[in-house]
Amino acid sequence: MTDNAKKIKSEKKTGSTISRRQFTTGVAAAGAVASVGPWYIKNARAADPLKVGVLLPRSGGQAQIGIDCQRGADAALPILKNLGYPEMKFMLADFETKVDIARTQTAKLIDEGAQIIVGAFDSGATMAAAQVCEQRNIPLVVNIAAVPKLTGMGLQWVFRNFPHGPMIVKDAFINQKALFSMTGHTPKTVTLMHVNDTFGSSLAGALFKLAPKFKMPYKIVEKISYDPYGRDLSAEVRKAKASGGEALWVVSRLNDAIMMTKEMVKQRFEPMGIMSTGPGWYDQEYMKATGKFGDDVISLVPWHDSNKPLSKTLEAYFAKHHPNRQVNPNHTYTFEGIMIAADAYKRAGSNNAKALQAALRTTNITNNVTTAERIAFDKTGQNPHVKNSAVQNRGGKNLVILPKSAAVAKPNWPMRPWRKRG
Amino acid sequence: MDFWTLANALATGLLTGLVYGLSALGLSVIFGVIRIVNFAHGEIMVMGMFFALIMFRWLGLDPLLSIPLAAAILFVFGYFLQSTVISRVAHLPDHMQFLLLAALAVMIVNACLLIFGPDPQAINISYSFDSFDIGENLIIDKSRAYAAIAAVAISGLLLGFFKYSRTGKAIRACADNYLGAQVVGLKVSHLYALTFGIGAAVLGAAGCVLLLLIEVHPYLAPGYTLLAFVIVIIGGLGSMTGALVGGILIGMSEALAAIIFQPSMKSAFSFGLLILVLLLRPQGLMGKSVK
Amino acid sequence: MMGLNLLADLTLRGRICLLIFLAILISLPFWSSSYIISVTTITLYLAILGQSWNLMLGFAGLLSLGHALFVGVSAYMAAYLFSVLGLPPVIGIFPAVALAVLIGMLIGYLGFRFSIGGVYFALLTIAFAELVRIMVDHMGLIGGTEGLFLQVTEADRQGFDLINLRGHPWMFYYLAMLLAFLTLAGCRTLLKSKLGYYWQAIRDDQDAAQALGINVFRYKMYAVMYSSGIAGVAGVFYAFYQNSLFPESVFGIERSIEISLGPIVGGVGSLFGPVLGAFILTPLGEGLTEFTDYLQSSGLIDPKLKLNGLKLLIWGLVVALIVLFKPAGIWPWLNEKLGFSRKEGE
């Protein structure tokens, strides 16, 4: 293998961004079919690695989660190879946690030859990327993004294997009812705190719309939205404390989760419990930063099914390569995103965009990692089978508490008061 | 709205405001004397924050203990900057001065980016999760209290310097009467450089103090530059007590706005206040009429 | 004809250079990549905004650091009318630009009436832009933080629909070029008109102009109106080119600063300055990206080292050097050296 090809392979692992010049030089030197060349040759050779553009926030406010997602993507390469899936080549892009840059980076990826895009974790960024993909006729496989509009605008090139806002909220309600009945403690009032971005706003909206339909036993007494670029959350937390809600429902990101917890401890705000629908609160980084104060938070999020054989393979991989990290949705959904791309490529037999799109539409994977019984897409590009679990932080670990069939522990609800922790 | 919630909000706002005031002091000093609008204000402060971060990571130093060194280093930086670079644009129109400082700001932000990376970084100090209880209902965040005390101390030092020391008086003379100062024999360019150095040093201290409250990342800066301007205009450009008063005012009004309205609108409140002040009383609350 | 008047200002050398430049621009899509086309489209867009910004500073004497406000309100208005009411931008542009001009008038009025100048005015513009940004963040009607999206399909991308502004990237490219040219020619016409002479009088000595009976307030307002109007037109272009608007990326202060950089670097107050500035800064930025990529790929710098920030660091340095050594901007200096335009005895 030539030096340049070796370099590209090593860059995949270290996660640097491949520039146009780098990529074409490398590919040409390696003697593979370059991005220049007659289209019919490119389309015919299904043996070529599929060029997968991986769009994630690798810097800026959501960098930690983006880098975490990449771990899932990196795990996919060797595992999928063992399962007989065709080879893939990653083209890494960083949208720096800025929606605008997501748009330009997606265009850049496509210009540089990406045949399919996987991403982007952030709802706003994914919307922007989806628009570009739709215009350029390149499939987008969404690893994580909950905004319903993504599969509600009639887009033909977007495929999402992740629950959208109403699905998350619906399952959250069901799991909450189970939680309350299991522990015998039902809050009469709930305060909602959400980050004022695409993801937070859409989830909050879904919450308000669906709560009456599900006849939830509590009333939402306060809705607090906060600025995603805010400097500190003392005022927000104070407002939550003053609102009198017995339990706290949060929709946030990682850094806000940490700040919020600190403020809650400092202001001695002790709700019955903290329920989160969203990222951050189950993250290793969160538990590291908050220590014992990060325990007992319940995340109502889609999780993986530890009993599935592929899950076990993934967990084994992580045990070997990331021994201090527990497998979480950042990893599993990005892993499945890559798997979806590989699977489509295998069945399409070509990397032509329309062929990939047709193959994606008929996806039917049952050997997967998450709690969804299968990965398949409906007319709108949404996987209707995705399910949500309830996971609680305990001593630096995420323990599944619901659904009962997958539970490994009994929930701590109400949460232990701050002062009474280890 | 519960009384104690309000009281707690105002107390927190006051403490935060004192820290804002310290940062605004740096801007006020520079503008009041040299008449340069320092658009790299937030960036210099962020340098101070990163310095405190390194000191904490390498030596386990509480940011408050890093203040003297941070101030000293940034003093030298500021002195050097003024005497070699900024003095050259003093006679140029406003927009060129703005551009130079904006370019400088971009350079500082990206140097920080290169060295520290773009991700937000916070310190986890032993008292990060602690609070003081005053009476039954007033809860004061420890880090915020320490930060405010440090801010008051440094502000006091600065005010004292300008009021009582010989150099301080000389600097004030330059500000009040440039020509007169030269006639009297004061070495103005040196004093200007000193002033910028002092302004930068104050920012270094403010940065150390701020690290106790928030996490640092390179893109933090523009927000703080803007905030400092709002404070200084409302308090009165050129008035140091004005900067402190403005800081407290903004701190408290932001806290109130967050409680009464939506927290995500609290900056809107500050900007609205700025517009009103600019229109109705541009010299600010305590400034002399400068137009 | 407007265009020919433009040529009248230039020396023979200037005209030749302009013609060569135009030839390159017009032929660009035929020989370059889609990436370069999109970069050049944005450069042209920034050149238009630079001219608009230049009007406000050069002729009304107002330093605007919140120019993104005018662009943004117009963009949102046109986009909203299109996405909700189905109003094609060729019609929607009128209310959109009207809104931008109205807001410009408001800010201009406040500035003049309250005698706010210099730095204070700049801060006023920043405050307004930020205020509107936060307000739009909370306005669910036009998308709020979730953004306002214009439906666009692959079919749209093939066409050349100027009425609905749906089309091939080439369409947008030539449209941007046309708009930039019209802006340039329009500004020149304004400058040579009576209005332009009043403006220069006001710029050179406001009090003397006032004493001579020139209604300073009115003419300054005209400058502000033209400035915000042009920005509004650019805003409509932006909305339909990008197809998605977010408050942060439309009204953010980085946008306003970006608009002001071209003319300052190129030369405030001159006609060609903003254009030159835009065409220096963008290729500079892209070139630096290529350079830093090259440093990494050629092994001079360890590719594993994350180098985000190097490009902008060097870029900031270059801009600082330009300010220190060529404070009047690059166009006047270039002009001096290479004699592109006739001296006007000014």
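Which residues point one way from strand 3 of chain A, and which the other way? View 2 has the answer. This is a predicted model, where local features need pLDDT of at least 70, side-chain atom pairs count only at pLDDT 80 or more, and totals for chains, interfaces and linings use all residues. Residues are numbered from 1 along each chain as its sequence is written, while chains are lettered from A and ligands numbered from 1 in the order in which they are written.

**View 1. An open, parallel sheet in chain A.** Its 5 strands (DSSP E runs of at least two residues, numbered from the N terminus) line up as 2-1-3-4-5. Strand 2 (88-94) and strand 5 (158-160) sit at the edges, each pairing on one side only; pairing takes at least two DSSP bridges.

**View 2. Strand 3 (116-119) of chain A.** Ile116(A) and Val118(A) point one way, Ile117(A) and Gly119(A) the other, and all are buried (20 or more other C-beta atoms within 10 Å of their own, with C-beta atoms placed from the backbone). In a regular strand, side chains alternate between the two faces of the sheet.

**View 3. The partners of strand 3 of chain A.** Strand 1 pairs with strand 3 over 4 bridges, in the parallel sense, and Val54(A) has Val118(A) as its bridge partner. Strand 4 pairs with strand 3 over 3 bridges, also parallel; here Gly119(A) stands opposite Val142(A).

**View 4. Out to the edge of the sheet in chain A.** Strand 4 (residues 140-142) runs parallel to strand 5, joined by 3 bridges. Val141(A) has Phe159(A) as its bridge partner.

Notes:
Contact = placed C-beta atoms within 7 Å. Axes fitted to C-alpha atoms, helices over the stretch in contact; angles between N-to-C directions. Buried ≥ 20, exposed ≤ 12 C-beta atoms within 10 Å, placed from the backbone.
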